[in-house]
Amino acid sequence: RIVAEERVAMVELAAGSPKKYIGMWHAAGVKVLHKSATIRHALKAQEAGVDLIEIVGYEGSIAGGQPGDEVGAWVLLAKATALLKVPVIAAGASATGRQLAAALAMGAQGITMATRFLCTVEAPIHRSIKEHMIKPEVDERSTTIVLGSLHNATRVFKNPVAEQIREAEAAGSVDFSLVQPLAAGSRTKTMWQETGDTSDAMWSCGQSVGLISD
């Protein structure tokens with residue numbers, strides 16, 4: 001309701017269906033973008049009436065969402081632009097102009113960049129994080145998947161905290177409360193803004209980190 005009242009230009013959604021809000025938002029002139037990690041979810045979002053869809057490959061921080069959804073952007077984008085009637089935005093480890101050109105050639109209207117923008121002068125995060133991300137030893141293999149057993153698969157930077165979460169998941173049935181201290185947003189916020197210690201928090205990071213050198 002607040003989104004409609006404030007006449008936000010565009011709202012981005014993920015996970016649940018936006019169908020019950022579409023009418024209200026469209027009446028207020030709000031465009032609706034749905035972030036989909038699978039073709040089946042993209043088709044459902046289109047049916048619900050969204051204006052455009054961001055299709056996210058497994059290389060990105062969304063990382064599929066559920067076991068079995070480990071499909072890269074190269075396949076997802078080709079299929080999405082062939083099947084969907086609404087505009088498509090490509091996402092998932094995008095960091096270069098070449099990737100933008102490729103996405104446009106495949107029918108996308110543009111790309112989403114996330115990890116790449118962490119290493120910009122304007123990004124309001126600790127400088128130590130930026131310096132760590134551009135080290136030669138940090139590459140496309142420097143990420144891992146966590147929380148898949150909780151149907152919330154997320155690609156994060158590979159560090160001791162991420163490994164602890166993976167170990168907890170591998171041990172068997174895991175409740176989020178067991179990994180919450182490791183995955184807590186407050187812990188990550190402290191890293192971003194205060195300590196700059198890339199080893200002491202779980203933080204989202206796409207494989208595009210391997211394309212960053214400045």
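**Exercise 1. Work out whether histidine 151 is buried or exposed, and say where it sits.**

Start with the cut-offs: buried means under 20% relative accessible area, exposed means over 50%, and partly exposed is in between (1.4 Å probe, protein chains only). Histidine 151 has 53% relative accessibility, so it counts as exposed. Next, find its place: the loop between S6 and strand S7 (154-157), where helices (H or I, at least four residues) and strands (E, at least two) are DSSP runs, numbered from the N terminus. Last, check the backbone: histidine 151 isn't a glycine, yet its phi is positive, about 55°.

A word on the model before going on: it is predicted, so local features need pLDDT of at least 70 and side-chain atom pairs count only at pLDDT 80 or more, while totals for chains, interfaces and linings use all residues. Residues are numbered from 1 along each chain as its sequence is written, and side-chain values use heavy atoms, with hydrogens and water left out.

**Exercise 2. Do the same for alanine 93: is it buried or exposed?**

Alanine 93 has 15% relative accessibility, so it counts as buried. Its loop runs between S4 and H5. Here too phi is positive, about 65°, although the residue is not a glycine.

**Exercise 3. Describe the loop between H5 and S5 through methionine 106 and alanine 108.**

Step one, place them. Methionine 106 is in the loop between helix H5 (97-105) and strand S5 (110-111), and alanine 108 is in that loop too.

Step two, accessibility. At 22%, methionine 106 counts as partly exposed; at 5%, alanine 108 counts as buried.

Step three, partners, with contact meaning heavy atoms within 4.5 Å. Skipping residues up to four places away in sequence, methionine 106 touches Trp74, Leu77, Ala78 and Thr81. With neighbours within four places left aside, alanine 108 is in contact with Leu77, Thr81, Val88, Ala90 and Ala103.

Step four, distances. The C-alpha atoms of methionine 106 and alanine 82 are 9.2 Å apart, with their positions 24 residues apart along the chain. For alanine 108 and proline 87, the C-alpha separation is 7.0 Å and the sequence separation is 21 residues.

**Exercise 4. Find which residues have the most contacts inside the largest nonpolar core.**

A nonpolar core is a set of buried Ala, Val, Leu, Ile, Met, Phe, Trp, Tyr and Cys residues joined through side-chain atoms within 4.5 Å. The largest one has 23 residues, and Trp25, Val32, Ile53, Ile55 and Leu77 have the most contacts inside it. Now trace where it comes from: S1 (10-14), H2 (19-27), H3 (39-48), S3 (52-56), H4 (73-83) and S4 (88-91) each supply at least two of its residues. A second, separate core has 15 residues, including Ile129, Met133, Met191 and Trp192.

Then zoom in on tryptophan 25: beyond its neighbours within four places in sequence, it contacts Val3, Ala4, Val11, Leu13, Val30 and Val32.

**Exercise 5. Place serine 142 and list its contacts.**

Serine 142 lies in the loop between helix H7 (127-133) and strand S6 (143-146). Its relative accessibility is 11%, so it counts as buried. Not counting residues up to four places away in sequence, it touches Glu137, Val156, Phe157 and Lys158.

**Exercise 6. Step back and sum up the whole chain.**

Count the elements: 10 helices and seven strands. Then burial: buried residues make up 45% of the 214 residues. Finish with contacts: among those between residues at least 6 apart in sequence, 48% join residues at least 24 apart.
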